[in-house]
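Here are some short exercises to work through with the structure open beside you. Try each task on your own before you read the solution.

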Amino acid sequence: MASDWDTYPISDFVTLSQGLAINAKSKYLLEETGLPLLRITDLINGTQVHFVNEEKAPPKCIATDHELIYTRTGQVGLVYRNKVGVVHNNCFKVIPSPELDKDFLYWFLFQESTKAHVNAVASGSVQKDLNHAAFLTLSIPKPELSEQKAIASILDSLDDKIELNRQMNETLEAMAQALFKSWFVDFDPVIDNALAAGNTIPDEFSERAEQRKGIEKKDDSDIQDLFPDEFEFTEEMGWIPKGWGISEVKDFGQVVCGKTPSKKKAEYYGNDISFIKIPDMHDVAWATTTTDNLSFEGSNSQKNKLIPKGSICVSCIATVGKVLITSREAHTNQQINSVIPAEKNTLYYLYSSFLAMNRPDFIGECFT
């Protein structure tokens with residue numbers, strides 16, 4: 001936002017409305033169908049678990065597509081728009097006046113500087129809680145309404161391009177995972193080599209071998225030469241390509257279990273070192289942004305917990321099986337284990353292996 005605009009108390013242009021508390025007295029509102037109950041976890045993950053009876057839901061708790069939803073506990077300072085449903089009381093609604101464009105307000109609240117402010121004024125040392133009065137300490141620039149709309153339109157256009165790139169990345173990752181499955185789960189190159197050499201193929205691969213016979217092969221001799229043309233039996237994993245072995249994760253590098261610095265020490269938190277938590281791991285391959293960061297002091301307080309760029313993080317508690325690669329030095333919390341590969345050329349193999357372990361159509365088992 002431009003620094004030469006006049007700023008005003010945000011309280012001049014928004015009203016807030018608290019979400020619905022679900023407790024023993026209000027639990028009767030939950031039903032199998034109805035309006036989605038929008039909790040922080042549902043907003044972050046895009047999931048839907050609970051619904052509320054539309055006729056019984058308090059109107060002040062129902063969000064329309066003209067209102068914003070702002071998170072107030074735990075993950076303080078996340079903002080969502082175009083969500084229709086019943087707002088849970090770990091969030092509240094932010095309703096702009098006619099003088100403030102909703103999308104301009106969204107992008108203002110989306111800024112890291114805004115998030116840093118609300119986290120600084122939120123109460124609580126272990127779990128932050130942002131009340132209405134604290135939120136209303138924000139100041140907001142307010143250009144003319146037409147300019148607000150123009151700015152929001154440009155940012156929306158950029159956001160659309162980012163989303164398109166994300167979808168392209170998803171497609172590329174799906175292709176990479178399909179190739180990984182072909183090479184290291186179905187052993188297609190080994191089967192092809194065995195067929196070409198006239199070697200015996202184990203019964204458990206006979207159906208796959210018949211499928212491979214009917215596939216027109218491309219000239220990938222450089223790749224095919226990297227794979228053997230026979231299988232051998234092992235007690236641990238049954239039939240595997242001849243000459244291949246079995247290793248534990250620790251054999252590929254250093255395993256680091258994350259840790260959360262004391263939240264009683266505000267000086268441990270800042271903007272110096274990324275601090276990865278499970279919500280940062282959803283729908284991404286690289287840890288480019290995190291909702292929380294540590295100061296250098298906070299990083300130094302955790303001996304041997306700093307992981308370098310090119311480490312692989314795997315969530316192992318609560319939401320299990322999320323995987324990403326660090327794009328810079330980082331810490332993680334205790335719900336995440338990380339591997340610092342001893343050799344760079346194993347990075348993407350390990351990444352694909354850990355992703356495969358969390359998919360029912362792949363073989364593998366979770367690491368501890």
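**Exercise 1.** In this predicted model, decide whether Tyr8 is buried, partly exposed or exposed. Then do likewise for Phe13, and describe how the two rings are arranged.

*Solution.*
- Step 1: Tyr8 has a relative accessibility of 32%. Buried means under 20% and exposed means over 50%, so Tyr8 counts as partly exposed.
- Step 2: Phe13 has 7% relative accessibility, so Phe13 counts as buried.
- Step 3: A pair of aromatic rings is described by the distance of the centres and the angle of the planes.
- Step 4: The structure holds 21 aromatic pairs. Tyr8 and Phe13 form one with 5.9 Å centre to centre and 90 degrees between the planes. An angle over 60 degrees counts as edge-to-face, and that is the label for Tyr8 and Phe13.

**Exercise 2.** Classify the ring pair of Phe184 and Phe227, and find where the two residues sit along the chain.

*Solution.*
- Step 1: The centres of the Phe184 and Phe227 rings are 6.3 Å apart, with 45 degrees between the planes. Stacked needs under 30 degrees and edge-to-face over 60, so the pair of Phe184 and Phe227 is tilted.
- Step 2: Phe184 belongs to helix H5 (residues 145-184), while Phe227 lies in the loop between helix H8 (221-224) and strand S12 (231-234). With their positions 43 residues apart, the pair links distant parts of the chain.
- Step 3: Phe184 has a relative accessible area of 25%, so Phe184 is partly exposed. Phe227, at 10%, counts as buried.
- Step 4: Now look around the pair. Ring pairs join Phe184 and Phe227 into a cluster with other residues, including Phe180, Trp183 and Tyr349.

**Exercise 3.** Locate Ser352 and list its contacts beyond its neighbours within four places in sequence.

*Solution.*
- Step 1: Go to helix H10 (residues 347-357), where Ser352 is found.
- Step 2: The relative accessibility of Ser352 is 11%, so Ser352 counts as buried.
- Step 3: Leaving those neighbours aside, Ser352 touches Gln177 and Phe180. Phe180 also belongs to the ring cluster of Exercise 2.

**Exercise 4.** What sits over the ring of Tyr106?

*Solution.* The charged end of Arg81 does, 4.1 Å from the ring centre.

**Exercise 5.** Now zoom out: how many helices and strands are there in the protein chain, and what percentage of its residues count as buried?

*Solution.*
- Step 1: The count gives ten helices and 21 strands.
- Step 2: Of the 368 residues, 42% count as buried.

Notes. Residues are numbered from 1 along each chain as its sequence is written. This is a predicted model: local features need pLDDT of at least 70, side-chain atom pairs count only at pLDDT 80 or more; totals for chains, interfaces and linings use all residues. Side-chain values use heavy atoms; hydrogens and water are left out. Rings of Phe, Tyr and Trp (its six-membered ring) pair if their centres lie within 6.5 Å; planes under 30 degrees apart count as stacked, over 60 as edge-to-face and the rest as tilted. Buried means under 20% relative accessible area, exposed over 50%, partly exposed in between (1.4 Å probe, protein chains only). Helices (H or I, at least four residues) and strands (E, at least two) are DSSP runs, numbered from the N terminus. A charge sits over a ring if NZ of Lys or CZ of Arg is within 6 Å of the ring centre and within 35 degrees of the ring normal. Contact means heavy atoms within 4.5 Å.
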